[in-house]
Amino acid sequence: MSDIKNYIKENKDRFLEELFTLLKSPSISADANYKNAILQTANQVKDSLEDAGCDTVEICETPGNPIVYGEKIIDKNLPTVLVYGHYDVQPADPIELWDSPPFEPIIKKTEIHPNGAVFARGACDDKGQMYMHVKALEYMVKNNQLPCNVKFMIEGEEEIGSPSLEWFVKRNQDKLKNDVILISDTGMISNDQPSITTGLRGLSYVEVEVTGPNRDLHSGLYGGAVANPINILAKMIASLHDENNHITIPGFYDKVIELTPEERAEMAKAPFSLEEYKKALDIEEVYGEKGYTTNERNSIRPTLDVNGIWGGYTGEGAKTVIPSKAYAKISMRLVPDQDPNEITKLFKEHFEKIAPKAVKVKVTPHHGGHPYVTPIDNIGYKAANKAYTKTFGKPAIPQRSGGSIPIVALFENELKSKSILMGFGLDSDAIHSPNEHFGVFNYLKGIETIPYFYKYYTEMATK
Ligand code: BES
Ligand code: MN
Ligand code: MN
């Protein structure tokens with residue numbers, strides 16, 4: 001496999017060009033207006049898997065967006081790696097905060113990416129990271145280096161909670177049969193310190209509606225005499241955290257597994273500079289649950305955050321009004337062993353209970369997902385670590401991430417195999433934000449590292 005570096009050098013421009021083509025399709029799953037782009041992108045992924053050397057590739061219809069499935073089976077007795085990724089992206093809003101148009105990819109240098117980064121929606125999450133696997137396959141097939149069987153399952157609904165994937169997985173158990181699942185949809189510590197994600201947080205997502213009077217009212221004629229649903233909603237939301245930033249919903253922490261002091265000490269060894277963290281975000285101070293470090297707060301602890309809040313008059317100038325309704329979208333990130341359905345229920349009961357009689361509240365659950373942690377004593381992890389050691393010159397650090405990929409827990413239950421989360425993005429890559437980007441170094445390093453995973457995994461699995 002000593003020729004991989006050369007192969008990348010020779011094909012680098014094409015690898016980037018092909019990624020650019022993929023990034024030009026605005027495959028936004030949250031907005032039905034982009035259905036055409038979704039279908040177009042699914043077709044692009046299909047073509048790319050065929051070109052890379054898959055024997056069969058198909059676009060599988062689901063109740064929602066199609067899933068692209070491809071495979072190359074070289075020998076039934078050899079292990080099978082299942083690659084999962086997603087071709088859908090987050091909406092680009094607020095579009096005016098992008099320095100270049102979100103669906104016109106461009107390479108620019110940054111402080112963290114002195115060799116340049118590809119700027120576009122989906123560059124890192126997840127088209128760029130997914131496409132590393134397609135190009136790694138291309139290298140292995142063209143150079144006779146594919147040591148085992150490979151299957152690809154690339155979905156188009158990850159950013160909306162993967163509503164069709166469970167449906168698909170349950171109906172295709174045989175087709176998806178594998179020994180290990182390989183996913184690049186997370187991040188690593190930095191470009192000179194690789195890490196492997198060993199945990200993901202779960203998610204419970206709700207929308208709340210608070211209704212006061214049956215119509216909007218003149219805030220002079222009625223102000224002071226009836227409940228203003230925005231005032232009430234703000235008060236209710238504020239009460240969901242106490243002065244130590246603990247969440248006040250009864251039972252919320254009941255199932256949270258606390259880490260041992262040893263585990264916390266181990267975590268604290270990962271390189272991290274609070275000063276740089278604050279500087280990068282332009283904040284004077286961090287903020288969070290008392291008794292936990294920043295890295296603990298955003299990975300091993302559950303959270304509750306308002307993601308959006310609206311109601312009343314927000315147009316130009318002033319309008320004196322007491323609105324009839326106020327709304328908020330609230331997400332809770334969960335850690336083992338919290339159950340998203342239980343947490344949603346606890347939230348709903350609590351939120352209804354704390355509402356004053358003067359308003360009505362409605363809580364509507366959205367998608368959820370189970371948290372996930374994986375041990376590091378399996379050959380999937382070991383092979384990944386060996387691959388990083390080979391290409392980065394140092395071993396990877398296991399790290400629990402704060403993000404969620406709800407489907408990973410489902411894979412473990414339905415397909416009975418471990419997911420190895422080899423992410424190559426950086427936290428500073430602005431995923432879901434304006435100016436999302438993915439380092440050229442990261443993209444190419446991913447393509448270089450992935451074939452070693454296949455090699456070491458197959459060696460370990462067939463020993
Ligand atoms: N790729 C991300 C998740 C991620 C990013 C995990 C970085 C770890 C590090 C994924 O596309 C995502 O955005 N997931 C959503 C959840 C989903 C149900 C919408 C999330 O975490 O908000
Ligand atoms: Mn993603
Ligand atoms: Mn995402």
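This is a guided tour of selected aromatic contacts and strand pairings in a predicted model.

Begin with the aromatic side chains: a search of the whole structure finds 14 aromatic pairs. Select Phe392 and Phe441, one of these pairs, and turn the view until both rings can be followed; their arrangement is edge-to-face, with 6.3 Å from centre to centre and 80° between the planes. If you now colour by secondary structure, you will see Phe392 in helix α10 (residues 379-392) and Phe441 in helix α12 (residues 440-461), so the pair ties together parts that are 49 residues apart in sequence. The two rings can also be examined for their surroundings: Phe392 counts as buried, at 14% relative accessibility, while Phe441, at 28% relative accessibility, counts as partly exposed.

Stay with helix α12 and select Phe453 together with Tyr457, which form a stacked aromatic pair, the centres 5.6 Å apart and the planes at 20° to one another. Both residues belong to helix α12, where they are four residues apart, about one turn of the helix. Phe453 is buried, as is Tyr457.

Next, return to Phe392 and Phe441 and add Tyr388 and Phe424 to the selection, since these residues are to be viewed as a group: Tyr388, Phe392, Phe424 and Phe441 form one aromatic cluster. With the cluster still displayed, show Lys445 as well, whose charged end sits over the ring of Phe392, 5.6 Å from the centre of that ring. For another contact of this kind, move to Lys108 and Phe119, where the charged end of Lys108 sits over the Phe119 ring at 4.6 Å from its centre.

The last part of the tour concerns strands, and the element to select is β2 (residues 67-72). Five of its six residues are buried, so strand β2 is largely enclosed by the rest of the structure. Add strand β1 (residues 56-60), which pairs with β2 in the antiparallel sense over five bridges, and follow the chain between them, where a hairpin joins β1 to β2 through six residues. Then bring in strand β6 (residues 149-155), which runs antiparallel to β2 and is joined to it by five bridges.

To finish, centre the view on Tyr69 in β2, which is the bridge partner of Glu58; Tyr69 also stands opposite Met153 in β6. Displaying Glu58 and Tyr69 along with Met153 lets you follow both pairings from a single residue of β2.

Definitions and conventions:
Residues numbered from 1 in each chain as written. Chains lettered and ligands numbered in written order. Predicted model: local features only at pLDDT ≥ 70, side-chain atom pairs only at ≥ 80, totals over all residues. Heavy atoms only, no water. Phe/Tyr/Trp six-rings, centres within 6.5 Å; stacked < 30°, edge-to-face > 60°. Helix = DSSP H or I, 4+ residues; strand = E, 2+ residues; numbered from the N terminus. Buried < 20%, exposed > 50% of the residue type's maximum accessible area, 1.4 Å probe, protein only. Lys NZ or Arg CZ within 6 Å of the ring centre and 35° of its normal. Pairing = 2+ DSSP bridges.
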